Amino acid sequence: MDRIAITGGARLQGEIPISGAKNSAIKLMAASLLTEEPLRLTNMPRLADTRFLGKLLQRLGTEVVESDGEDGPETLLRTREIVSAIAPYDLVRQMRASFNVLGPLIARTGQAKVSLPGGCTIGARPVDLHLQALEALGARIDLHEGYVYAQAPRGLQGARIEFPFNSVGATEHAMLAAVLAQGETEIANAAREPEMVDLADCLNEMGAKITGAGTSTIHIRGVARLHGATHAVMPDRIETGTYAVAAAMAGGEVRLTRTRVDFIQALVDKMAEAGVEVTPHNDGLTIRRDGAKLQAVEIDTAPYPGFATDLQAQFMALMTLADGESVIRETIFENRFMHAPELKRLGADIMVSGGEARVRGVETLEGAQVMATDLRASVSLVIAGLAARGETMVNRVYHLDRGFERLEEKLSACGAQIRRISGEGETEDE
Ligand code: EPZ
């Protein structure tokens with residue numbers, strides 16, 4: 001099992017190019033199931049999760065070819081025919097987003113058998129809204145022995161889908177299924193994350209008729225078939241926010257490029273309130289902090305454009321050194337404070353009660369052995385390690401590899417003292 005060792009105290013100075021967004025790339029890859037023609041995705045991140053979905057797609061019949069294009073890594077996906085409409089437990093269990101192949105499989109073949117994903121470390125994460133959306137589109141859904149059996153022998157029918165609350169995955173799933181349905185679909189109370197826009201843009205480039213993505217009402221006019229396309233994956237807003245917080249934590253000046261500041265406006269506002277200098281530019285943003293003490297600020301996670309739950313752990317790490325008490329409320333997932341006890345091992349003062357964490361800033365953190373059970377929690381420990389005295393050893397690095405491309409390389413290029421220590425392989429679910 002690989003570990004990452006960080007010797008804290010180095011200020012960061014330099015430039016970090018942001019990769020394509022993991023959480024968009026994996027949904028875009030699933031879109032390739034909807035056509036027999038090739039889908040070429042550029043600006044692809046090379047991550048454990050994208051590799052993993054590639055393997056599942058290959059089982060379903062997709063040819064997956066990775067290459068280095070003019071503008072960075074790309075992946076060519078082509079599903080001439082679906083050779084199997086079954087996504088087994090072992091594959092879905094390891095990555096929840098694999099569940100999103102269900103809609104495209106029904107849309108393309110009229111039937112599918114896909115394992116239910118089960119809970120994960122950050123919460124129960126049911127898929128009831130996904131299934132309600134597919135049922136509204138006319139799929140017959142039966143659950144047996146942990147599997148969803150779905151059938152729509154005469155194809156899916158456009159419908160009005162009204163979600164009771166925002167769900168990123170269910171909104172994407174509804175879009176992926178409805179593009180080939182007969183007639184019109186309206187998705188009300190849709191998620192508004194930028195990934196909705198990226199998916200809709202890609203599907204439209206493939207011939208779909210989607211309007212309103214990025215707002216709470218999405219309209220889809222079903223088409224009989226989709227064709228091939230080339231699409232550039234949007235920049236990873238969570239990677240952007242993570243390095244912005246890392247730069248603020250370590251101090252110094254870091255320019256984040258190939259990204260968009262408006263994707264992380266809620267974070268930028270909170271960082272400015274905490275005393276971090278953020279300068280937008282046309283290719284991203286620059287983060288600057290001199291030696292001045294950070295101020296404690298409060299955050300509540302919320303659906304986009306609110307403060308992203310995927311940046312909550314990183315921001316908590318930042319607040320461990322702020323002046324005063326910061327209250328952090330997690331409103332999206334019921335169990336997403338597992339980084340708190342690990343940050344406490346570094347000397348942080350954090351009290352968690354239900355969905356609320358109170359972080360009282362301390363003078364210094366001290367390096368220690370730490371470990372986390374999910375991707376964003378793990379990176380919050382790396383961030384804390386950048387400012388901690390001495391050495392921090394982050395165990396279970398495979399979580400980081402799921403979602404951060406070349407993390408050590410990007411940080412060490414800016415002067416961070418960070419290195420990977422290779423060990424025996426080990427895998428676990430999200
Ligand atoms: C996506 O998860 C992201 N994952 C998550 O990022 C992210 O934290 C989350 O959106 C919120 O922004 C991917 O895109 C692969 P949701 P998703 O459906 O789609 C409940 C990371 O670290 N819910 O918006 O699963 C759910 O339990 C990951 O990269 C239902 O009750 O999130 C949660 O409380 C972690 N029933 C809330 O809705 C459903 O059918 C929002 O979840 C679906 C969701």
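Which polar backbone atom is 2.6 Å from an oxygen atom of the ligand? One that belongs to I332. The views below come from a predicted model.

**View 1. Polar atoms of I332, G169 and R125 face ligand oxygen atoms at short computed distances.** For I332, a polar backbone atom and a ligand oxygen atom are 2.6 Å apart. For G169, a backbone N or O atom sits 2.7 Å from an oxygen atom of the ligand. R125 uses its side chain instead: a polar atom there lies 2.9 Å from a ligand oxygen atom. On its own, the ligand would expose 820 Å². The protein buries 88% of that area.

**View 2. A shell of 23 residues surrounds the ligand.** Among these residues, the closest are D128, S167, D310, I332 and R376. Sort the shell by residue type and three groups appear: ten nonpolar, five polar and eight charged. The ligand takes up the space of the largest pocket.

**View 3. Helices 1, 5 and 6 each supply at least two residues of the shell around the ligand.** Helix 1 spans residues 22-31. Its share is four residues, the most given to the shell. Helix 5 covers 128-136, and helix 6 covers 168-178.

**View 4. Two domains contribute to the shell around the ligand.** Domain 1 is made of two stretches, 3-19 and 235-421. Domain 2 runs through 22-232. At least three shell residues come from each of the two domains.

**View 5. A cis peptide bond joins Y304 to P305.** Its omega angle is near 10°. Where does P305 sit? P305 is in the loop between strand 18 and helix 10. Strand 18 is residues 299-300, and helix 10 is residues 312-319.

**View 6. E145 has a positive phi, although E145 is not a glycine.** The phi angle of E145 is about 45°. Which two strands lie on either side of the loop that holds E145? They are strand 8, residues 140-144, and strand 9, residues 147-151.

Conventions. Residues are numbered from 1 along each chain as its sequence is written. This is a predicted model: local features need pLDDT of at least 70, side-chain atom pairs count only at pLDDT 80 or more; totals for chains, interfaces and linings use all residues. Side-chain values use heavy atoms; hydrogens and water are left out. A residue is near a molecule or strand if one of its heavy atoms lies within 4 Å of it. A polar contact is a pair of N or O atoms within 3.5 Å; within protein, one must be able to donate a hydrogen and the other to accept it, and residues adjacent in sequence count only if both atoms are side-chain atoms. Accessible areas come from the Shrake-Rupley method with a 1.4 Å probe; for residues, only the protein chains shown count as cover. On a 1 Å grid over the protein atoms alone, a cavity is a set of points where a 1.4 Å probe fits but cannot get out, and a pocket is an open set with protein on both sides within 12 Å along at least five of seven lines; lining residues have an atom within 4 Å of a point. A molecule sits in a cavity or pocket if more than half of its atoms lie within 2 Å of its grid points. Ala, Val, Leu, Ile, Met, Phe, Trp, Tyr, Cys and Pro count as nonpolar, Asp, Glu, Lys and Arg as charged, and the others, Gly among them, as polar. Domain bounds come from an automatic or database domain assignment.
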